[in-house]
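Biologist: Please take a close look at one part of this model for me. I would like the sheet that holds the annotated binding site, and what surrounds that site.

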Amino acid sequence: MIVTVDVGNTRIKAAVFEGDTILQRFVFDKTALEKNIKNILEKFGAIVCLVVSSVGDVEKNTFLAFEKKLKVHFVSHQDVFPFINNYETPKTLGIDRMVLAAGATLLYPNQNRLIIDAGTCVTYDFVDENNVYQGGAISPGMRLRYESMHNFTAKLPLLTLESPESYVGKSTTQAIHSGVVNGLVYEIDGFIDEYKAACKNIIIILTGGDADFLAKRLKNTIFANSNFLLESLNQTFQYKIKND
Ligand SMILES: Nc1ncnc2c1ncn2[C@@H]1O[C@H](COP(=O)(O)OP(=O)(O)O)[C@@H](O)[C@H]1O
Ligand SMILES: CC(C)(COP(=O)(O)O)[C@@H](O)C(=O)NCCC(=O)O
Ligand SMILES: [K+]
């Protein structure tokens, strides 16, 4: 039994795995990291390893403190990955994106894969059918769009996520909701259309904190799997054990 932990720029997600099955999933804030990990380990005494992917700014030592009880592994660029990396700056590629690419490569063999992670940022990652990671895109996530328009203007209020009534916003509030939500939906549909036109045999995976909300609004039919990063971490770790 292992626990995988995904430290994003907004929240921390964790899942306990027995083989390929998720037993329980947790979401918490970085201020409550130590307490939550402690609780998970107390609840699941059979956990032998803590596998961490981090792009956030939490202290490594918080995890290392658990090393007396179990093995702690930070996924890093030095690990073995099941794809060839064609990114021109492989050392700066986010470790979360590497893990998503690895999970897609292992779980969906012999096809092109596009992974869209709608978190703090929206990331697009493309692994082709020859298992070559080709790159993708990074754009502001939904919450970031609301916050940055408020922070960088004098007049725009900070709103919380709401479904726009129409693409024609009839008030400041409605115009912001339309710009943020419809804008991101059009962006994602636009990228999906480009990838689908360029490659016939492609699987598209949508994950991240906004995945469920967005999936319902896309023109393309895409099923959201908000656990995909945690599942990919489990897969990446199993692959490492087999291939090290
Ligand atoms: N309780 C919540 N707290 C913060 N963000 C949330 C919450 N519920 C949904 N979200 C959405 O999730 C997104 C962040 O997704 P997440 O996958 O947690 O990000 P990250 O992996 O970058 O930490 C935000 O854009 C926000 O709209
Ligand atoms: C793009 C990201 C900020 C996404 O982080 P997230 O939204 O998952 O919190 C992260 O993958 C990162 O820091 N990447 C480094 C740059 C790159 O991937 O090229
Ligand atoms: K992301």
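What follows is a walk through that sheet, its hairpin, the annotated residue and a neighbouring helix pair.

Modeller: A caution comes before the details: this is a predicted model.

Start with the sheet. It is open and has 5 strands in the order 6-9-8-7-10. The pairing is mixed. Strand 6 and strand 10 (202-207) are the edge strands, each pairing on one side only.

Now go in from the strand 6 edge. Strand 6 covers residues 84-85, and strand 9 covers residues 132-140. These two pair in the parallel sense over 2 bridges. Isoleucine 84 stands opposite valine 132 of strand 9.

Next comes strand 8, residues 121-127. Strand 8 runs antiparallel to strand 9, and 7 bridges join them. Two of the partnerships fix the register. Threonine 123 has isoleucine 138 in strand 9 as its bridge partner. Valine 127 is matched with tyrosine 133, also in strand 9.

How many residues lie between strand 8 and strand 9 in their hairpin? There are 4. Asparagine 131 sits in this turn and has a positive phi of about 60°.

Glutamate 129 belongs to the loop between strand 8 and strand 9 as well. Glutamate 129 is partly exposed, with a relative accessible area of 41%. Beyond its neighbours within four places in sequence, glutamate 129 is in contact with Asn110, Gln111, Asn112, Arg113 and Asn201. Asn112 and Arg113 fall within strand 7, residues 112-118. For a sense of scale, compare glutamate 129 with glycine 169. They are 40 residues apart in sequence, and their C-alpha atoms are 41 Å apart in space.

Now to the annotated site. UniProt, in an unreviewed entry, places the feature "binding site" at Asp117. Aspartate 117 is located in strand 7. Is aspartate 117 buried or exposed? Aspartate 117 is buried, because its relative accessible area is 10% and the cut-off for buried is under 20%.

What is aspartate 117 in contact with, leaving aside its neighbours within four places in sequence? The list is Leu100, Val122, Thr123, Thr207, Gly208 and Leu229. Val122 and Thr123 come from strand 8. Thr207 comes from the edge strand 10. Leu100 is in helix 3 and Leu229 is in helix 7.

Those last two contacts lead to the helix pair. Helix 3 spans residues 95-107, and helix 7 spans residues 228-243. Their axes come within 8 Å and cross at roughly 75°. That angle falls in the range from 65 to 115 degrees, so helix 3 is roughly perpendicular to helix 7.

Which residues meet there? Helix 3 brings Asp96, Val99, Leu100, Ala102, Gly103, Ala104, Leu106 and Leu107. Helix 7 brings Phe228, Leu229, Ser232, Leu233, Gln235, Thr236 and Tyr239. By class, the residues of this contact divide into 10 nonpolar, 4 polar and 1 charged. Leu100 and Leu229 are part of this helix contact, and both also touch aspartate 117.

To put the part together: Asp117, the position annotated by UniProt, is a buried residue of strand 7. Its contacts include residues of strand 8 and of helices 3 and 7. Glutamate 129, in the hairpin loop, is partly exposed.

Terms used:
Residues are numbered from 1 along each chain as its sequence is written. Chains are lettered from A and ligands numbered from 1 in the order in which they are written. This is a predicted model: local features need pLDDT of at least 70, side-chain atom pairs count only at pLDDT 80 or more; totals for chains, interfaces and linings use all residues. Side-chain values use heavy atoms; hydrogens and water are left out. Two strands pair if DSSP finds at least two bridges between them. UniProt positions are given in the numbering used here, feature names are shortened, and annotations may be inferred rather than shown by experiment. Buried means under 20% relative accessible area, exposed over 50%, partly exposed in between (1.4 Å probe, protein chains only). Contact means heavy atoms within 4.5 Å. Axes are lines fitted to C-alpha atoms, for helices over the stretch in contact, and angles run from 0 to 180 degrees between N-to-C directions. Angles under 35 degrees count as roughly parallel, over 145 as roughly antiparallel, 65 to 115 as roughly perpendicular and the rest as oblique. Ala, Val, Leu, Ile, Met, Phe, Trp, Tyr, Cys and Pro count as nonpolar, Asp, Glu, Lys and Arg as charged, and the others, Gly among them, as polar.
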